[in-house]
Amino acid sequence: MAETKKENAKPSTGKATSVIDYIVQRLADEGITDCFGVPGDYAFPVCDAVDRNPNIRWVGCSNELNASYAADGYARVRGAAMLSTTYAVGELSAINGVMGAKAERSLVYHVVGMPSYQNQRVRKNLHHTFGDGVFGNFINISAQAACVHAVIDPDNCMIEMERVITEARRNNQPAYIVVPGDYALAPVTPTEVRPVTLKSNEASLEKAVAAIAERVRVAKSIVAFPAFTLQRLRLQKEAQQAIEALGCPFATTTMEKCIIDESHPQFAGLYAGALSAEKTRQLVEDAELVLDLGGISLNDETTAGFSGRLDSARFVSVGLNDVRIGEQVFGNVRLADVLAALAKFKSPALPHRRTPDQAQHVNGKPADKITMDSLYSRYAAFIRPGDNVVLETGSASLGLPPMTLADDVRLHIQMLWGSIGWATGAAFGVALADPKRRTILITGEGSHQLTANEIGNMGRYGANPIILVLNNDGYMVERALEPYPDWSYNDLAKWRYADLPRALGCADWTTARVETIGELDVAMKAARESKSGAYIEVIGGRMDMPKALAFAHTRIKELYGSDAA
Ligand SMILES: Cc1ncc(C[n+]2csc(CCOP(=O)(O)OP(=O)(O)O)c2C)c(N)n1
Ligand SMILES: [Mg+2]
């Protein structure tokens, strides 16, 4: 039986009176209906306030790192998430995940309960401290993972919450809110506050749009890059309208895969430096004007080790809050407003129309062992409109992206931060955030070992993901990125992966361990039909790698700055 919001929750009075009730209700007002976390005594006031608030439910996770990944996944779908951890030991365990959310612009409100002001004032020797009577030791550390933070007391609570929320939304990055236990339970000091609506400076917006229009007018060729931030801010439609008005081709990097349907006539393909299809590479690298919509990340991963030829002088970069054209910066303009202005541009008589790709072939015979060539084309055929796909860093993040995927698929990947284990935790958050869509987790077994215990909570809260785990006997991506593949540190404990759901309390899940293509096909069909979760362990070859990974092996120097990794 899935856990849902308690039936007997006290109704909201509309006027939360304690500090922590105010904080929780204010976050619920942001549209957040779930709080991921692990309780602890210093955080009890936070946990209690969530549990008694009828608008937000407590979602217990196996550890704080998993909870932070789940919150990140949830925020990517819903726009914002809440994470609750306890002082020091809890918040520090969550930090990698919250930092990842910062890097990838995902808005997670990290709420931490700390020792009471009373005890801080008299420098009590308390658990979860160094025993030094100093209580601010971890605030700066957690604050580094956020774009804004506040230590809350009854007097500053209402004002600080508006400041923190506005700043977090402006940057679409995490916020850290820490509150001493006694202050959390104290009545909030009523203060006149009003939520801030982020608007553009009209004059600056006008100048920015005019400057873009001039660049568009003189450019003989344009390519647009809709950035991953559009998905975080849920501005995909607006970006699509702008691109349609411009009539230009658009490309995506792996971070933006499927952000606009890949069947769109203006889609120019996946750009990944030298690994791009030749026609994609030409459209992107030869374009006189590259229109970056939202701030794309041309990092080592998205450019296949900086193997592309992109001239930054040709860029017009529309960020979340500014527009940059060469040395010119137009500040205080919002991405949504620029997109709305671009959507009013007159589209050319003949917008770009792509030449259709050759149909993707699903290859291999039922009795064949599963190769990477047959696996990813099968995954591509399996993924349907309406799916949420969560893709882990590793060989899978190089194998799946070159495949064309169905329309209305949402792909979630942590490409820049690249912390393995993220996808398993994030899939939990995505599944709870968007229960109407099926969540498909695609991960390697090495990554999965970091966070696999979260499967128990997927079952507990009634999520029904389809989990596809590639078992290739170790950290293959690492084997590929080194001159010598057989270092013992790339080996793993040999888990019985397909037994995990049962051991973790998901007895009603459909599970399978598959070695041949025929077995995989049968298991995928059963997974799709299952009403509860499904888990497939796919046995792959130890050194059978997707093409992009073999290419990476030839660019070790560019990736790491020296010949040997
Ligand atoms: C938290 C974290 N620890 C270590 C790494 C380094 N790392 C990157 S990929 C990888 C191995 C992934 O192996 P697996 O999930 O089995 O995928 P495969 O490449 O074998 O398909 C490791 C250890 C990382 N990115 N993040
Ligand atoms: Mg592996």
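Me: How many nonpolar, polar and charged residues make up the shell around ligand 1?
Reply: In this predicted model, a shell residue has a heavy atom within 4 Å of the ligand. Ala, Val, Leu, Ile, Met, Phe, Trp, Tyr, Cys and Pro count as nonpolar, Asp, Glu, Lys and Arg as charged, and the others, Gly among them, as polar. The split is 4 nonpolar, 9 polar and 2 charged.

Me: Which residue puts a polar side-chain atom 2.5 Å from an oxygen atom of ligand 1?
Reply: Among the closest of the 15 surrounding residues are Gly418, Glu445 and Met476. Met476 offers a polar backbone atom, 2.8 Å from a ligand oxygen. The side-chain partner at 2.5 Å is Ser395.

Me: What share of ligand 1's exposed area does the protein bury?
Reply: Glu478 also joins in, with a side-chain N or O atom 3.2 Å from a ligand nitrogen. Taken alone, the ligand exposes 600 Å² (Shrake-Rupley, 1.4 Å probe). The protein's share of cover comes to 78%.

Me: Which helices each supply at least two residues of that shell?
Reply: Helices here are DSSP runs (H or I, at least four residues) and strands are E runs of at least two, numbered from the N terminus. Two helices fit, spanning 445–451 and 476–480: H17 and H19.

Me: How far apart in sequence are the parts tied together by Phe36 and Tyr74?
Reply: Their rings sit 5.4 Å centre to centre with planes at 75 degrees, so edge-to-face (pairs have centres within 6.5 Å; under 30 degrees is stacked, over 60 edge-to-face, the rest tilted). Phe36 is in strand S1 and Tyr74 in helix H3, so the parts joined are separated by 38 residues.

Conventions: Residues numbered from 1 in each chain as written. Chains lettered and ligands numbered in written order. Predicted model: local features only at pLDDT ≥ 70, side-chain atom pairs only at ≥ 80, totals over all residues. Heavy atoms only, no water. Polar contact = N/O pair within 3.5 Å; in protein donor to acceptor, adjacent residues only side chain to side chain. Phe/Tyr/Trp six-rings, centres within 6.5 Å; stacked < 30°, edge-to-face > 60°.
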